[in-house]
Amino acid sequence: MKHESKTLLSCRGVVKGWGDTVALDGFDLELNEGSLLALLGPSGCGKTTALRSMAGLERPSAGEVWVGERLVAGKGTWVRPEERRIGMVFQDWALFPHLDVWSNVAFGCHGRERERRVGEVLELVHLIGFEHRMPHELSGGQQQRVALARALAPSPEVVLLDEPFSNLDASLRAQVRAEVRTVLHEARATAIFVTHDQEEALSIADNLAVMTHGRVIQTGSPHAVYGAPAHRLVAGMVGEANFLPGEVSSGLAVTPVGKVLAPGLSDGPVDIMIRPETVHLDRAQEGSARIIDAEFYGHDQLVRARLKDGTLLDVRLLGPRPDLTIGARVDVRLTAPVHFFRADSAVAVSPYCGIVTSDSPQAPATSDRA
Ligand code: ATP
């Protein structure tokens with residue numbers, strides 16, 4: 001099968017399991033040249049198994065893995081890991097403790113160009129002058145850069161990074177991941193990194209692939225996935241999400257935050273998804289909601305409001321709002337359209353957003369528990 005020239009790595013219907021455990025269950029992924037993709041998903045969803053299957057460290061029981069136009073696994077083909085032109089950076093970086101920086105980086109390089117290439121990648125990761133240090137004489141961030149240099153040195157087609165930042169202190173993490181991103185872009189590397197940290201995925205990847213139960217459920221740019229989550233799990237994994245029940249009738253959804261225009265949506269129960277930062281609260285004596293909790297973080301504030309019908313709504317507000325004390329009554333206003341999900345389905349009614357009607361007093365409630 002001929003691949004488009006831009007696709008550097010492709011997994012099609014990959015299946016892998018052990019006994020009763022299914023780690024990959026029809027795993028599909030396409031990676032374009034030069035892109036940095038974050039594979040995001042909850043613990044145990046199969047992220048590491050996916051990377052290991054791409055690298056040739058696991059043998060899938062079904063499906064295909066392609067590197068560029070070369071089939072490396074599937075249809076009776078099996079290409080060994082060292083022949084796949086894939087570099088890997090492991091969670092613990094796996095540096096050789098008895099080898100210095102230069103020898104660690106040179107490990108996978110052969111031939112006359114070896115000396116020059118090692119110098120080139122050490123320069124790329126800003127470790128010139130550290131050639132003769134041993135791994136234990138380096139900081140965590142520096143060790144991370146040696147691991148990256150070692151993966152890049154043989155000029156692989158694709159670099160795979162498995163939770164590459166999880167060994168770093170929170171204070172160093174943001175800095176090192178920004179550096180790694182720069183290095184990968186400067187090297188024009190095509191890379192996938194595994195993470196279960198949504199902030200990490202959103203902040204450094206060009207593209208996201210969100211996984212659950214052994215398969216990818218949504219791919220796209222961080223903005224696209226955040227802005228239009230196709231699945232309930234994606235909405236919660238990429239950002240924060242409130243799900244509120246509603247009932248659609250004749251193109252209008254009655255919900256705890258008001259009536260939402262839903263032209264074309266068939267009648268029946270739905271859930272609406274509201275991002276906490278798209279809610280505005282105004283203090284109002286006769287307000288229809290009440291603040292029941294408030295956490296102040298300095299740069300923003302997380303407030304929980306109980307709506308008139310008892311539904312809880314998490315709200316993220318920028319900056320200090322000392323007026324929003326626990327017990328205060330507020331009016332609730334949405335600053336962005338809501339997303340619809342069918343009540344009996346995890347999949348978004350897509351692409352479908354609705355706006356709360358302006359004449360809609362929010363919380364058309366049956367009881368006043370607020
Ligand atoms: P985490 O984020 O916790 O690292 P993950 O998404 O990377 O998790 P995997 O490590 O790929 O998940 O594991 C997927 C599933 O496969 C899990 O249920 C795990 O226990 C199982 N699994 C992984 N490797 C093996 C193995 N060698 N033998 C048996 N089961 C395994």
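## Cysteines, sheet and ligand site

The sulfur of C45 sits 14 Å from the closest cysteine sulfur, which belongs to C11, and that is too far for a bond. This is a predicted model. The distance holds from the other side too: for C11, the closest cysteine sulfur is that of C45, at 14 Å, again too far for a bond. A disulfide is a covalent bond between the sulfur atoms of two cysteines. The cut-off here is a sulfur pair within 2.5 Å. How many disulfides does that rule give? The count comes to zero.

Both cysteines are out of reach of solvent by the area criterion. C11 is buried, at 4% relative accessible area. C45 is buried as well, with a value of 4%.

**The ligand site.** C45 also takes part in ligand contacts, through a polar backbone atom. The ligand has 13 residues around it. Which of them come nearest? They are S43, G44, K47, T48 and T49. Three polar contacts to ligand oxygen atoms are listed below.

| Residue | Atom on the residue | Distance to a ligand oxygen atom |
|---|---|---|
| S43 | polar side-chain atom | 2.6 Å |
| C45 | polar backbone atom | 3.1 Å |
| T48 | polar side-chain atom | 2.9 Å |

**Helix α1.** This helix covers residues 47-55. K47 and T49 are among its buried residues, and both are among the residues that come nearest the ligand. The others buried in α1 are A50, L51, S53, M54 and A55. Why is α1 called largely enclosed by the rest of the structure? Because seven of its nine residues are buried. Just after the helix, G56 adopts a positive phi of about 90°.

**The sheet.** Strands of a sheet pair through backbone hydrogen bonds, either parallel or antiparallel. Here five strands make an open sheet, ordered β2-β1-β4-β5-β6, with antiparallel pairing. Which strands lie at the edges? They are β2 (21-32) and β6 (77-78), and each has a pairing partner on one side only. Helix α1 packs on this sheet and touches β1 (7-18), β2 and β4. The direction of α1 makes about 65° with that of β2.

Within the sheet, β4 (residues 62-67) and β5 (residues 70-74) are antiparallel partners, joined over three bridges. V65 has A73 of β5 as its bridge partner.

**A link to T212.** T212 belongs to strand β10 (residues 207-212). Is T212 buried or exposed? It is buried, at 8% relative accessible area. Apart from neighbours within four places in sequence, T212 contacts C45, I217 and L233. So C45, itself buried at 4%, has both a ligand oxygen atom at 3.1 Å from its backbone and T212 in contact.

**Two loop residues with positive phi.** Most residues other than glycine have a negative phi, and most peptide bonds are trans. S155 departs from that pattern: it is not a glycine, yet its phi is positive at about 50°. S155 is in the loop between α4 (140-152) and β8 (158-162). It is partly exposed, with a relative accessible area of 35%.

R188 is another case, with a positive phi near 50° in a residue other than glycine. Where does R188 lie? It is in the loop between α5 (170-186) and β9 (190-195). R188 counts as exposed, at 71% relative accessibility.

How values were computed
Residues are numbered from 1 along each chain as its sequence is written. This is a predicted model: local features need pLDDT of at least 70, side-chain atom pairs count only at pLDDT 80 or more; totals for chains, interfaces and linings use all residues. Side-chain values use heavy atoms; hydrogens and water are left out. Two strands pair if DSSP finds at least two bridges between them. Helices (H or I, at least four residues) and strands (E, at least two) are DSSP runs, numbered from the N terminus. Contact means heavy atoms within 4.5 Å. Axes are lines fitted to C-alpha atoms, for helices over the stretch in contact, and angles run from 0 to 180 degrees between N-to-C directions. Buried means under 20% relative accessible area, exposed over 50%, partly exposed in between (1.4 Å probe, protein chains only). A residue is near a molecule or strand if one of its heavy atoms lies within 4 Å of it. A polar contact is a pair of N or O atoms within 3.5 Å; within protein, one must be able to donate a hydrogen and the other to accept it, and residues adjacent in sequence count only if both atoms are side-chain atoms.
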